Amino acid sequence: MPSSTGWKSGCWSGGRHLPTKFDRSAPILTEVPMHAFPRLMVVIAAAVLPLISAHAVEPEKTKLKIAVGSQILNYMPLELGVKLGSFKDQGLEVSVENFQAGGSKALQALVGGSVDGTVGFYDHTIQMQAQGKQISCVFLLNDIPGVLLGLRSGLADKVKSGADLKGLKLGITAPGSSTDTMARYYIKKSGLGPRDVNIIAVGSGAPGMVALEARNIDALVYFDPIATLLARKKSATPLFDARTLEGSKQAFGGIYPTACLYLQQTFIDKNPETVQRLVNALLKTHRWINTASTEQLVDAMPPAYKTDNREVNIEIMNASKALFSPTGQMDIDAAKVPLAVLGDFDPKIAAAKIDLIKTFTNRFAERAAQQLK
């Protein structure tokens with residue numbers, strides 16, 4: 001409504017000054033019958049309220065600790081969002097706790113209450129529901145898993161399929177981690193029993209690469225940037241490469257959603273505005289990732305997620321940029337793939353009658369898409 005208003009019997013009009021009676025020289029913007037005035041106010045309110053209410057409610061908690069299980073590329077948007085100021089723009093102060101031992105440790109930190117949330121693999125929400133704990137994914141970082149299972153150099157001629165892993169040593173990050181889950185599923189799918197392959201915890205990232213190159217293990221489950229580094233050095237040959245949709249289907253029979261921000265349901269219920277702002281920040285970061293050039297992205301990435309060689313970093317991102325969801329929303333059919341993988345070798349999960357709808361919610365990502373238009 002204009003700051004100065006000329007009034008006329010039964011009507012109002014916009015003008016530059018407020019005359020004592022209707023001034024015909026005042027510029028008229030609109031004339032509206034008085035009986036239509038309440039309806040006009042409703043229309044104006046409907047247009048303005050979304051703009052002023054996006055942050056009309058203060059976040060319940062402004063300082064948050066978010067855990068990650070390692071610094072694989074899948075988790076990179078969390079720390080990138082901190083670096084870009086995406087969380088700060090939402091009125092949040094986010095610190096990242098890195099549990100280098102693997103995703104299972106980051107999950108334990110969430111369940112134990114030492115962190116507010118975890119960026120880890122979605123399948124943990126299914127595992128926790130089978131144990132009677134309600135943890136929900138509120139933002140999906142990865143549409144595809146980005147995981148590889150590779151053999152050390154010298155074995156490629158002998159090992160042509162998963163069945164040929166029998167008797168070999170296979171490295172994972174940690175017991176109970178998602179790499180453990182994926183490895184055991186692939187072994188079973190290949191027709192092997194749980195004792196046919198010696199599964200060894202070697203840690204995440206560089207320690208796994210060192211173990212493979214030192215021949216302490218014969219094969220490794222790994223992600224970028226290690227994937228690109230091993231390929232450049234010709235130190236590993238993948239049995240499958242799920243940095244693509246085709247590779248995910250080959251390894252797991254479908255799209256396998258992986259990294260997400262998951263929180264305890266009690267935290268979500270108690271802190272809905274805080275959760276909304278976390279999701280807003282992640283969506284803003286993902287939109288930037290998906291629109292920035294590879295070179296811009298490499299320059300902006302936190303140091304822990306890249307090498308000292310810019311050319312290598314560009315190669316890594318060209319191989320894995322498709323990982324990052326443009327919407328942060330989970331598809332129910334995609335969620336069924338991890339459930340099938342977990343239930344295939346874990347009888348407790350198979351018998352638990354998992355309600356997938358309780359393992360994720362899209363409502364925060366959907367609202368974020370509206371707020372960030």
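These notes cover one sheet and the helices around it in a predicted model.

1. Start with the sheet. It is open and has 5 strands. Their order is β5-β4-β6-β13-β7, and the pairing is mixed. From one strand to the next, the twist averages 30°.

2. Which strands are at the edges? They are β5, residues 93-98, and β7, residues 135-140. Each of these pairs on one side only.

3. Look next at β4 and β6. Strand β4 spans residues 63-68, and strand β6 spans residues 117-121. The two pair in the parallel sense, over 3 bridges. To find your place in the structure, use A67: it stands opposite T118 in β6.

4. Two helices pack on the sheet. One is α2, residues 76-84, which touches β4, β5 and β6. The direction of α2 makes about 145° with that of β5. The other is α5, residues 123-130, which touches β6, β7 and β13 (259-264). The direction of α5 makes about 170° with that of β7.

5. Helix α5 also meets helix α14, residues 332-345. Their axes come within 9 Å and cross at roughly 55°. Why is α5 called oblique to α14? Because roughly 55° lies outside the ranges for roughly parallel (under 35 degrees), roughly perpendicular (65 to 115) and roughly antiparallel (over 145). The crossing is right-handed.

6. Which residues make this contact? From α5 come D123, I126 and Q127. From α14 come A335, P338, L339 and L342. By class, the contact of α5 with α14 has 5 nonpolar, 1 polar and 1 charged residues.

Definitions and conventions: Residues numbered from 1 in each chain as written. Predicted model: local features only at pLDDT ≥ 70, side-chain atom pairs only at ≥ 80, totals over all residues. Heavy atoms only, no water. Pairing = 2+ DSSP bridges. Helix = DSSP H or I, 4+ residues; strand = E, 2+ residues; numbered from the N terminus. Axes fitted to C-alpha atoms, helices over the stretch in contact; angles between N-to-C directions. Contact = heavy atoms within 4.5 Å. Left-handed = near helix turned anticlockwise from the far one by under 90°. Nonpolar A, V, L, I, M, F, W, Y, C, P; charged D, E, K, R; others polar.
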